[in-house]
Every structure is written in structure tokens, then in C-alpha cells.
Amino acid sequence: MYRIGFACMYRHPGHSESLKELEAIERAFNPRSTTLRWLKSVEQDVARQKLNDIIEHNLAAQLRLLEYVGTLPEPLRMLRLSSDLLPFYSHPEAAEFYRQADVRQMLEREFARIGERARGLGVRLSLHPGQYCVLGSDKPEVVENSLAEFEYHADMIRMMGFGQRFQDFKCNVHIAGRLGVAGTRAIWPRLSQEARNSITFENEEKTYGVDDCLQLADLAPVVLDIHHCWINEDEYIDPHDPRVARIIESWRGVRPTMHYSQPPETLMELGFTAQEKLEMPALLEKVGKRDLYSHSKRMWNHWTNLYAREFLDRFDIMFEAKDKNLATLGYYRDYLDPA
């Protein structure tokens, strides 16, 4: 069975609620954060209590979000967890806090609950470290920080009871940095076993595309992002391009995940319709390519939606849209729901 999912945040399908009421509803499902500057500006006990309160909220919110996903039809049981659950976990100035025995016990207990519930509900989970996780940097300090950040994600994966075998959990990164493929391959042995079992490499829109990711397919699966590929190559990859078969092979029998997004709805204000195929030459007469990077709120373009559906017989799809679950629900209702 296929799955489609959304990333990190809950959007409430409210109509009659005020903005303040909507924010209050959504706050219960979504993570909170703070700044290192604020934490350093207050007494240590105050900073520790603040961190503890945020972490307790964040883990409870993710469990609540997971329970929500568990109420959806099975094809919609796919969720990317937030990377911001444990503020500054990989930062040296927070290391002492996260080493405290009571904090460790709380993290182990609550992440175990999240993992157990995900398995019970049949929800496919993933994580996606941010763009500052640059494993292929030519700067040693950036590499060290990136390894620490990825291992922070691996710690969360381990505490949830995943990372024990190849791709029982997906943790996605882009190839990045001047050393690119070669630099990423060089640091591979330094990753923990949980990290190596979970990592995937996603093509991006500017530099390292599908062909670059396939150079690392012997190490880890490739996540095909069809929006990034379209921008990088100036045309949509054919669903039956030979490279797609190689991407599937990189998953070694596990059902692959791909990413799907669309450019902003503002293109309609420039005369592009929801029904037409978005052709790069025509777009570039009116916008710069960078204007196509950002994601739409909903999956507004009908042609692209039909195109993405051609992959569902072989891939699960993570939707990357600003309206999160609402965009995924809308696509399911309009393109997939047999009812």
C-alpha cells in the first residue's frame, strides 16, 4: 500500500475560529523553541527549567500529532517529525544539561513512547536535518558540527527504537559543501550504525542533483525530489527514466520515499493556470529560477498532481507544502480517495 505524508507541523482546518483560537489549537501539536542568547542571559536554574519545559511540551506535542495521524486513513499515515524537539542538543553549551540523569531518563521514556505508538498505529516516520548539516564541507569545524547534528537525530531515532536495521527509519540530508560526494563518502565511517542505517541522500535544486546522489547509492538510498529535479534539470524527470529504477534499487527492497512540492501559487497571478504543465522556458520569461524554490501552500497545479501520482505505484510520497496536513488531505481527497 502507498503512503503520503506531511512534515512536522499541524494546521487546523478551522473556519469560524479567530486567529488567536487557531493558534491555541495548533500550539498543542507543534514544537516550541527558545534562543541560546536568552538562555545565556538568565540564571542557570532558570535556563534549565525553561529547556525542560520546552522539551516536555515538544515531546507531548509530537505524540499528540502522531495520534492525530493515526486517526487518518492508512494511506495518510506518514509523518516527518520536527528536528527542533530538543533545543541545542548538539551545541557544546547545552551538553551538560542533556547529560543529566533525570533528563536522559525522561528523553528515553518519552521517545520510546513515540516509537512504540508509531509502530502500533502503522505510521511511517522520518526526520530531515536542516541545511546547516553539511557533511561534505571543506571546513573541518563545519564537518564536526554537522556530524554532531546528524548524530543528534540518530540519538532520537535510537531512543524511539529505530535505526537497528537498514531503513527502518528515514533521516534525510542533501549532499552539500564544496567536497560534495567525495567529502560525504570520506566521513561515512564516522557515522554511528544507527545513522548509517537511517540516512538517505536527496537531490537538490542548485548543485547536487539526482546523478550526484546516485554516486552514493552504494552507501544509502536516494530520495527523489521531483520538484528539485525539475528546477535542476529544467524538465520533469520521466517516471520511467532509467535513473528512477536505480533509485528504487538503492532502497534494497524497502519501499522508497520521494518528496513532492510545487512552486508558489503566485504564478497564477502571472498568467499560469492550474491546469497547464509548468514549462521552465515560459516561467523564466517572467520569474527568476530562485522564485521557484519556495513551496506552495496547497497542491494547486493539476498537471503536476497527476504527474506525481504516476510514482505512487512504487514510492511513498512526502508532501512539502506550507499548509502541511491540509495540503496532503486535499490531495488525497481530490486524486486518491476511492470514495
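What is the volume of the largest pocket? It comes to about 900 Å³, and 34 residues line this pocket. His 128, Pro 129, Gly 130, Gln 131 and His 174 are the ones closest to its centre. Keep in mind as you look around that this is a predicted model.

Let's step back and take in the whole protein before returning to that pocket. You can count 14 helices and 8 strands in it. The radius of gyration is 20 Å, close to the 20 Å that the globule rule gives for 339 residues, so the protein is as compact as a globular protein of that length. If you want a feel for the dimensions, the C-alpha atoms fill a box of roughly 60 × 55 × 40 Å along the principal axes. Of the 339 residues, 55% count as buried. And if you look at contacts between residues with a separation of 6 or more, 78% of them come from residues 24 or more positions apart.

Now zoom in on strand β4, which covers residues 170–174. Is this strand enclosed or open? All 5 of its 5 residues are buried, which here means under 20% relative accessible area, so β4 is largely enclosed by the rest of the structure. In a regular strand, side chains alternate between the two faces of the sheet. Here, Lys 170, Asn 172 and His 174 point one way, while Cys 171 and Val 173 point the other way.

What does β4 pair with? One partner is strand β3, residues 124–127, which pairs with β4 in the parallel sense over 2 bridges. In that pairing, Leu 127 of β3 stands opposite Cys 171 in β4. Another partner is strand β5, residues 199–202, which also runs parallel to β4 and is joined to it by 4 bridges. There, His 174 of β4 stands opposite Glu 202 in β5.

That brings us back to the largest pocket, where His 174 is among the residues closest to the centre. Its strand, β4, gives the most to the lining, with 3 residues. As for the mix of residue types, the lining divides into 13 nonpolar, 12 polar and 9 charged.

There is a second largest pocket to visit too, with about 380 Å³ of space. Its lining has 18 residues, and Phe 88, Ser 90, His 91, Tyr 132 and Glu 149 are the closest to its centre. This lining splits into 8 nonpolar, 7 polar and 3 charged residues.

Technical notes: Residues numbered from 1 in each chain as written. Predicted model: local features only at pLDDT ≥ 70, side-chain atom pairs only at ≥ 80, totals over all residues. Heavy atoms only, no water. Buried < 20%, exposed > 50% of the residue type's maximum accessible area, 1.4 Å probe, protein only. Pairing = 2+ DSSP bridges. 1 Å grid on protein atoms, 1.4 Å probe; cavity = no way out; pocket = protein on both sides within 12 Å on 5 of 7 lines; lining within 4 Å. Points joined across faces, edges and corners; volume = space filled by probe spheres on them. Nonpolar A, V, L, I, M, F, W, Y, C, P; charged D, E, K, R; others polar. Rg over C-alpha atoms; globule rule 2.2 N^0.38 Å. Contact = heavy atoms within 4.5 Å.
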